Each structure stands twice: as C-alpha cells, then as structure tokens.
Amino acid sequence: MLPNLETKANLATAHIIRNAGGVVTDDVIRSILISQRLTPPPTGTREIAVFHHTGCGMTLFTSEKLRTKITTETPSFAEHDGDVEASVRKDVNILKDSPLILPETVITGWIYEIDTGKVREVV
C-alpha cells in the first residue's frame, strides 16, 4: 500500500522496488540499473526516491540468536538498527556513491510516518 504522496511521481510509470527494511542492496542497485539503462528515455528512471517508514518490523527482532542468524545471512539487515532517518541517509549515500547509478540521477530520501500518515523529506 502506498501512502497518498504529494510528489511529482507518476505512479503509472514508477518503478517500485520493495524489500524488507527498505535497505539498498546489490539486488536493488541491479534493478535500478536495468530500469535506467534498458528502458529508453523518457521512461528510463532518472529520479530515485528512497522511502522508509516508522514502526518498521525489521527493527523489532529481540531474539539475539535470530538477529545473529539473519545478519549473518543478510548483512544489510545489521545496518537497519531502528534509526529510520540515519538509515534513509545511508541508503541515499549508497546510491549516490554507486558507479552503476547514472550520475544525472536525482536521489531523495523520505520517511513515511505510520502514526500520522505524513511523509517528510529527509534528504
């Protein structure tokens, strides 16, 4: 479910990539690379909006054994420690620093506040 966003995104042509925790992984970068380079302009992705949300279930694991197992198998999980704003900033920086993302790409980061239904731009 997408929040009612007041952004310039055209959801009919948006390429939406979702994963648990919303973290940027190699698979996310691969999907963006395909979207940018194999989809001809003007529909090729030239803007990326990273969205995370408050109350993320990925931050609720309390069993150290389970957390250790997941972080061993999925290293990016360890980087989502509950600080949603820091996580958004980190993911935006990963994308901006990636040599695989086209340099002219506009990259922004947002947080969806579950309690209020509001979206705020972080970066």
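Of the 123 residues of the chain, 28% count as buried, where buried means under 20% relative accessible area, exposed means over 50%, and partly exposed lies in between, with a 1.4 Å probe and protein chains only. This is a predicted model, in which local features need pLDDT of at least 70 and side-chain atom pairs count only at pLDDT 80 or more, whereas totals for chains, interfaces and linings use all residues. Residues are numbered from 1 along each chain as its sequence is written, and side-chain values use heavy atoms, with hydrogens and water left out.

Colour the chain by secondary structure to begin. Three helices and three strands appear, and from the N terminus on they run α-β-α-α-β-β; helices (H or I, at least four residues) and strands (E, at least two) are DSSP runs, numbered from the N terminus. Among contacts between residues at least 6 apart in sequence, 60% join residues at least 24 apart, a contact being heavy atoms within 4.5 Å.

**Strands 1 and 2**

Select strand 1, residues 47–53, and show its side chains. Ile48, Val50 and His52 point to one face and are buried, while Glu47, Ala49, Phe51 and His53 point to the other face and are not buried. In a regular strand the side chains alternate between the two faces of the sheet.

Add strand 2, residues 106–112, which pairs with strand 1 in the parallel sense over seven bridges; two strands pair if DSSP finds at least two bridges between them. To find one of these positions, pick isoleucine 48, whose bridge partner in strand 2 is isoleucine 107.

**Helix 3**

Next select helix 3, residues 84–97. Its 14 residues reach 20 Å from the first C-alpha to the last, close to the 20 Å expected at 1.5 Å a residue, the expected span being 1.5 Å times one less than the number of residues. Val84, Ser87, Val88, Asp91, Val92 and Leu95 are the buried residues to highlight in helix 3. Viewed down the axis, the buried residues of helix 3 fall within an arc of 135°, so they line one face of the helix; the arc is that of the directions from the helix axis to the C-beta atoms. What covers these buried residues includes helix 1 (26–37), strand 1 and strand 2.

Stay in helix 3 and centre on aspartate 91. Which side chain of opposite charge is nearest to this buried residue? The nearest is lysine 90, 7.0 Å away, and aspartate 91 has no salt bridge; for this purpose Lys and Arg count as positive and Asp and Glu as negative, while His and the chain ends are not counted. Leaving aside residues up to four places away in sequence, aspartate 91 touches Gly22, Val23, Val24, Val50 and His52.

Lysine 96 also has its place in helix 3, and at 48% relative accessibility lysine 96 counts as partly exposed. A distance label from lysine 96 to threonine 108, 12 residues apart in sequence, should read 9.8 Å from C-alpha to C-alpha.

**The salt bridges**

A search of the whole structure finds four salt bridges, each being a side-chain nitrogen of Lys or Arg within 4 Å of a carboxyl oxygen of Asp or Glu. Start with arginine 89 and glutamate 85, whose side chains meet at 3.2 Å, N to O. Four residues apart in helix 3, arginine 89 and glutamate 85 are separated by about one helical turn. Arginine 89 is partly exposed at 36% relative accessibility, and glutamate 85 is partly exposed at 30%.

Now add arginine 120, which also meets glutamate 85 in a salt bridge of 3.2 Å, N to O. This pair links distant parts of the chain, with arginine 120 in strand 3 (residues 119–121) and glutamate 85 in helix 3, 35 residues apart. Arginine 120, partly exposed at 36% relative accessibility, forms a further salt bridge with glutamate 113, the closest N and O atoms being 2.8 Å apart. Salt bridges that share partners thus join Glu85, Arg89, Glu113 and Arg120 into one network.

**Last stop: helix 1**

Finish at isoleucine 34 in helix 1, which is partly exposed, with a relative accessible area of 35%. The C-alpha atoms of isoleucine 34 and glycine 44, 10 residues apart along the chain, are separated by 8.9 Å.
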